[in-house]
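The following paragraphs lead the reader through the structure shown below. They begin with particular points of the backbone and then turn to larger features.

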Amino acid sequence: MSETTYEPSADPEDVGVGEHLPATVTQKSLNADILRMHARPGKIWWSVFLLDLLILAIGGLAERNQIVYGIGVAGHTRPVMWASYVTNFVFWVGIAHCGTLVSAILFLFRSHFRRAVYRVAEAMTVFGVMTAGLFPIMHLGRPWFPYWLFPYPTQRQIWPNFRSPLEWDVFAVTTYLTVSSIFFIVGIIPDAAAQRDQAKNRFHRLLGWIFSFGWRGANYQWKHYYSAYLYFAAFATPLVLSVHSVVSWDFAMAQVPGWHSTIFAPYFVAGAIFSGVALVINLLIIIRKGFKLEHIVTIDHMEKLAKLVLLTSTIVGYSYLCEFFCAWYGPSKFERDMFWDRFFGHFWWSGWIMFTCNVIFPLLLWFKTVRRSTVPLFIIMLFVNVGMWFERFVIIVSSLAHPFNPSAWGVNYKMSWTEAAILAGSFAWFGMFFLIFVRVLPAFSIAEIKETLVPPMRRKAS
Amino acid sequence: MNLFKPLFPLIDKLIAGPPAKFTGVMGVYYYVDDVTETVRTLRQTGHGNLRVFSPVPYHDVERALDQGTSIVRWVTLGGALLGITGGFALCIYSVTSWPLVVGGKELISLPPFVVIGYESMILLGSLANLFGMLALTRLPEVKAAAPWDPRFTEDRIGIWVPCAGETAVKVRELMRGHGAEEVTVHA
């Protein structure tokens, strides 16, 4: 037998002190803890799920109403023809950005705290895009023709206009849905194999079998898997930056006062990450409490995410101020009037809700005690999401309501009950997928969290 | 009463996969350094076709196996190049196949086509990456290429060496001498 010259590494990867899990967590206990989420649901889960389905049914009825009676049942009124549906679309696309940020960008930066939280964020991304994609379809006068948006020629051989930001949006959003879904499913493969092998219930074992694709964890599989994962991350990173930039160009390419600005792309991307991380914090707080997983998703993880919210809040706040400065300093009287109108005009309340929730409340996150307390964190993140919905409302509705032509300033847009029900239904649609997801697939990356543990070594490294 | 009970045998059969016959030695380990030493020794004794099954990838084991770099990146690059070329080609073809000047703009105006080319590059690159990975990892794997132990997705590591006869006995002894918890000879 040859003499061993090999020096084993007794430590896990170079992660921060707070990212190490408690010593009680072992590879075996990790499997058990995470697969424990698949136990038979209790009364609370069923109550929430049924309530969710009820709200979804109301939203579905409202949509049925709109299909039968026409788009007129929504409160859209000239010149505010892009109102709540486009607001909802931008809001949900924004929500969807967090997952790819956490999965891809933090993966490339080797921020290991992502391991405990990225699956929830990725699921949120996929379900967020699935929700967002409904709104452009609902907003069509004839929602049964959404495929007209796709790049194929009409009978007269005329193609869609590839110079239009709306066509860019089709490419960006469908690419984002495809790539984020692939990223999500590929990430699940090793954990689904654990579910296939360890789950007690046959239904869960079958799902594990399907989603694992027959994964065995062989050396050659890990090699190609992680190599491919790196390239998924490398593609997803520019994608996440491009998608919300393209969404912002839906507005910025137009001449409307309040929209025609070069700051829109970075401003939208920062806002998207801001709202997405806020929602993932809310979801994680509920999941870690509900499933007693505080030892896996530790308060250190929550604090790091809260710091991301704080950072993006400052970027969003800077963008607001920058927009105002440009309007004040720039030559366009219409632009100045519009920005004044945002905070002191007909929709003044929405402007102030936006500013307070997105800039003022997140200032509390400068305090470590707030970042490390789940109740204040949960409340702040709820406000952030309210604020971010209103940000899109302010950008879309208040800008359209104050165009170049003063005769159009008699603002009369009011959200109809149909729009309100569809908005509520969108949250229920998202919630339905999420509630099912946490019960049927591993909501945390078992394999990646295991990498954070100290590998078992017989001989400790010197 | 479980309505799905009649499906249970079918589910069990699906998960178990088709019956297979294996010839070789399977060692089950707990310690990573034991695995690393076994792999190095096995490779030195000419067993280059061994397989290691583990719940997570261990860098020490990867180094001992000296696997080299994955070629999936070339597949991905091919997809990305096809995507960017295809995206631009689609836009240019569409405006030249029915030339319709709008607002006095150039028919082939590249800046707006960048978005289509860029998104197509990411889409096709990612799809190529996915299919390349699936092909190289031989997924979906319906018929197992080696005996399987569910503990390999939990906390144990397996080393599978395809061999028979006298060699299998030697491999079994080698594994036992290197800290294997269990060694099974499949003949």
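B:Asp66 is found in the loop that runs between helix H3 (59-65) and helix H4 (72-97) of chain B. In this predicted model, the phi of B:Asp66 is near 50°, a positive value in a residue other than glycine. Most residues other than glycine have a negative phi, and most peptide bonds are trans. Is B:Asp66 buried or exposed? B:Asp66 counts as exposed, with 10 C-beta neighbours inside 10 Å.

Chain A offers another case of this kind. A:Gln157 is not a glycine, yet its phi is positive, at about 65°. The place of A:Gln157 is in the loop between helix H6 (134-139) and H7 of chain A. A:Gln157 is exposed as well, because 9 other C-beta atoms lie within 10 Å, and 12 or fewer count as exposed.

Cis peptide bonds are the next topic. In chain A, the bond from A:Arg78 to A:Pro79 is cis, with omega near 10°. A:Pro79 belongs to the loop between helix H2 (43-69) and helix H3 (84-95) of chain A. In chain B, the bond from B:Leu139 to B:Pro140 is cis, with omega near -5°. B:Pro140 sits in the loop between helix H5 (110-136) and S3 of chain B.

Strand S3 leads to the sheet of chain B. Four strands form this open sheet, in the order S2-S3-S1-S4, with antiparallel pairing. Strand S2 (51-53) and strand S4 (182-186) of chain B stand at the edges and have a single partner strand each, so one side of each is left without a neighbour in the sheet. On average, neighbouring strands of this sheet are turned by 15° against each other, direction ignored. Strand S1 (residues 24-29) of chain B pairs with S4(B) in the antiparallel sense over five bridges. B:Met26 has B:Thr184 as its bridge partner in S4(B). Helix H2 (residues 32-44) of chain B packs on the sheet, where it touches S1, S2 and strand S3 (157-161) of chain B. The direction of this helix makes about 15° with that of S3(B).

Beyond the sheet, chain B as a whole is divided into domain 1 (22-66 + 143-186) and domain 2 (72-136). The C-alpha centres of domain 1 and domain 2 of chain B lie 45 Å apart.

How many residues of each chain take part in the contact between chain A and chain B? There are 64 residues from chain A and 64 residues from chain B. On the side of chain A that touches chain B, helix H1 (27-35), helix H7 (165-198), helix H8 (202-212), helix H9 (219-252) and helix H17 (446-452) of chain A each supply at least two residues. The largest share of that side, 17 residues, comes from H9(A). By class, the side of chain A that touches chain B has 35 nonpolar, 17 polar and twelve charged residues.

The largest nonpolar core comes last. Of its 174 residues, A:Val93, A:Val280 and A:Ile281 touch the most other members. H9(A) gives the largest share of this core, 16 residues. Domain 1 (22-66 + 143-186) and domain 2 (72-136) of chain B both give residues to the core, so it lies between them. Not counting residues up to four places away in sequence, A:Val93 touches A:Val129, A:Ala132, A:Val173, A:Val243, A:His244, A:Val247 and A:Ala272.

How values were computed
Residues are numbered from 1 along each chain as its sequence is written. Chains are lettered from A and ligands numbered from 1 in the order in which they are written. This is a predicted model: local features need pLDDT of at least 70, side-chain atom pairs count only at pLDDT 80 or more; totals for chains, interfaces and linings use all residues. Two strands pair if DSSP finds at least two bridges between them. Axes are lines fitted to C-alpha atoms, for helices over the stretch in contact, and angles run from 0 to 180 degrees between N-to-C directions. Two residues are in contact if their C-beta atoms, placed from the backbone, lie within 7 Å. Ala, Val, Leu, Ile, Met, Phe, Trp, Tyr, Cys and Pro count as nonpolar, Asp, Glu, Lys and Arg as charged, and the others, Gly among them, as polar. Domain bounds come from an automatic or database domain assignment. A nonpolar core is a set of buried Ala, Val, Leu, Ile, Met, Phe, Trp, Tyr and Cys residues joined through C-beta atoms within 7 Å. A residue is buried if 20 or more other C-beta atoms lie within 10 Å of its own, exposed if 12 or fewer, and partly exposed in between; C-beta atoms are placed from the backbone.
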